[in-house]
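Good morning, colleagues. I should like to take you through one chain this morning, beginning with a single residue and working outward from there. Please have the sequence and the model in view.

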Amino acid sequence: PSAWIELAALPMTASGKLDRKALRPPERDRRSAYVAPRTEAERKLASIWQQIFKLDRVGIHDNFFELGGDSLSAAELVAALPRHFGSELSMGALFEGSTIAGLAAALERSGGDNDPLGALLALRGGGRERAAEHQQRPLFCIHPVTGVGWAFAGMLRQIELPLYALQSRGLRGGALPGSIEEIAADYIAQMRKVQPQGPYRLLGWSLGGLIGHAVAAQLQRDGDTVELLAMMDSYPFAAEPALPDEAQQAQAVLKFLGFHHRLREAPQDMRALTELLCQEYEVFSNPLVQQVLKDDAKLIEHVAAVTRNNLTLARRYVPQRIDADVLFFDAKRKERVDLDGLLHYRANAWQAHVAGRFDVHEVDCHHQTMLEPRAAAHIGRVLRERLLGEPAQPARLDPPPPAALSLVAAYS
């Protein structure tokens with residue numbers, strides 16, 4: 001749920017059923033000062049938002065996702081725009097311009113250019129203008145093995161920084177990278193478009209932690225600095241010359257997620273695994289995923305190819321020693337399984353590759369739920385304390401990650 005309301009009793013109809021119309025609308029968290037709409041476009045957008053969130057007024061700097069926006073309300077907003085403006089808006093533009101002022105500007109540019117499957121996705125922009133300021137240096141988030149970084153939108157409410165997701169090449173087809181080091185070099189080039197020089201802040205989930213480690217190694221080799229590398233349940237792969245076939249890789253992924261117990265027949269390749277997990281997580285019922293599939297019917301095929309390639313590259317990656325601080329978020333609810341030599345399945349496996357401070361924080365969640373509300377609140381609290389010097393405070397519960405393409409969290 002995007003909001004919680006405590007009631008003494010549920011309102012009932014005369015027939016004894018829940019009276020949904022009598023339920024009090026949730027009070028949304030507005031964290032920016034109210035500024036009234038200034039233009040006709042902003043007034044139209046404010047009216048749409050008021051209907052979606054059932055609010056009396058919405059300011060031009062209120063954030064769609066911080067007000068409680070999720071995948072369903074985002075789809076409702078995107079669907080309403082052609083009726084009111086005669087033009088469509090991409091999901092990428094909704095990520096980048098998630099305020100009324102931002103969306104109005106994007107509409108004037110005919111939809112914006114923030115490709116939701118592009119290599120650099122601006123979840124909260126602003127890093128280019130103020131990257132030199134300590135309090136405004138961006139946090140670069142690196143995707144899990146699927147290559148998609150949408151789920152990091154779950155961090156928007158948790159930390160007040162410019163936030164960018166780095167995503168795999170190949171999500172729209174085309175050539176795939178040949179090594180983790182090649183991916184790291186590409187991502188450094190993307191990061192420097194926003195922040196030309198360090199210190200850099202990195203957050204990697206699962207495979208993203210390996211890539212983040214490679215990014216840190218290359219930055220330091222080039223004479224740049226990394227303020228912090230945060231890893232979310234990331235583990236180095238076992239150094240074995242022989243790679244397992246796709247059926248073995250798929251089985252290892254299912255074991256890692258704890259799904260292997262209830263399957264009569266295991267998938268035999270990455271495409272079948274991707275389709276299975278899409279069914280498990282009801283991916284195709286997500287309205288925004290439906291929109292992406294409408295634009296690109298081969299999305300699942302591309303994600304499967306990216307996943308297969310990323311797994312292969314991860315097995316080949318040999319971590320170098322980096323002189324940087326590492327903050328490791330360890331998913332506490334682990335599956336106690338034999339991963340067939342695939343992973344060094346413990347946080348301290350990284351210590352030999354880290355010369356700086358190495359801290360571990362346990363998070364009460366499963367690997368695949370690290371960006372769901374409670375886990376994201378815990379992670380955000382620790383990051384705020386570490387990066388911004390904020391004292392520890394009670395967790396902020398946020399809505400589920402907007403448009404967080406469920407297969408992103410399905411396996412990593």
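I begin with R357, which counts as partly exposed at 47% relative accessibility. Please keep in mind throughout that this is a predicted model.

Which residues are joined with R357 into one network? Through salt bridges that share partners, R357 is connected with D325, D359 and R386. One of the links is the salt bridge between the side chains of D359 and R357, with an N to O distance of 2.5 Å. Another is the salt bridge between R386 and D325, whose closest N and O atoms are 4.0 Å apart. In sequence, R386 and D325 are 61 residues apart, and the pair links distant parts of the chain: R386 belongs to helix α12, residues 373–388, while D325 is found in the loop between α11 and β6 (326–331). As for accessibility, R386 is partly exposed, at 23% relative accessible area, and D325 is likewise classed as partly exposed, at 27%.

Let me turn to another salt bridge. The search of the whole structure finds twelve of them. Among these, E227 pairs with R137, and the closest N and O atoms are 2.9 Å apart. E227 sits in strand β5, residues 226–232, and R137 in the loop between α5 (127–130) and β2 (139–142), so this pair ties together parts of the chain 90 residues apart in sequence. Is each partner buried or partly exposed? R137 has a relative accessibility of 10% and therefore counts as buried. E227 has a relative accessible area of 21%, just a partly exposed residue because the buried class is limited to values under 20%.

Next, helix α11, which covers residues 299–316. How far apart are its end C-alpha atoms? They are 26 Å apart, which agrees with the 26 Å that 18 residues should span at 1.5 Å a residue. Of those 18 residues, 14 are buried, so the helix is largely enclosed by the rest of the structure.

I move now to the loop between α1 and α2 (71–85), where H61 lies. H61 is partly exposed, with a relative accessible area of 40%. Its C-alpha atom is 6.3 Å from that of I100, although the two residues are 39 positions apart in sequence.

On the surface, I would draw your attention to a nonpolar patch of about 470 Å². Which residues make it? They are I5, L7, L10, M12, L18 and L23. L18 is located in the segment before α1 (40–53), and its relative accessible area of 33% makes L18 partly exposed.

Finally, the chain as a whole. Its secondary structure comes to 13 helices and seven strands. Of its 412 residues, 55% count as buried. The accessible surface is about 18100 Å², and carbon and sulfur atoms account for 48% of that area. Among contacts with a separation of 6 or more, 76% are between residues 24 or more positions apart.

To return to the opening residue: R357 shares one salt-bridge network with D325, D359 and R386. Thank you for your attention.

Key. Residues are numbered from 1 along each chain as its sequence is written. This is a predicted model: local features need pLDDT of at least 70, side-chain atom pairs count only at pLDDT 80 or more; totals for chains, interfaces and linings use all residues. Side-chain values use heavy atoms; hydrogens and water are left out. Patches are made of residues with over 30% relative accessible area and no salt bridge: like charges are joined within 9 Å, nonpolar side chains (Val, Leu, Ile, Met, Phe, Trp, Tyr) within 5 Å. Accessible areas come from the Shrake-Rupley method with a 1.4 Å probe; for residues, only the protein chains shown count as cover. Helices (H or I, at least four residues) and strands (E, at least two) are DSSP runs, numbered from the N terminus. Buried means under 20% relative accessible area, exposed over 50%, partly exposed in between (1.4 Å probe, protein chains only). The expected span of a helix is 1.5 Å times one less than its number of residues. Contact means heavy atoms within 4.5 Å.
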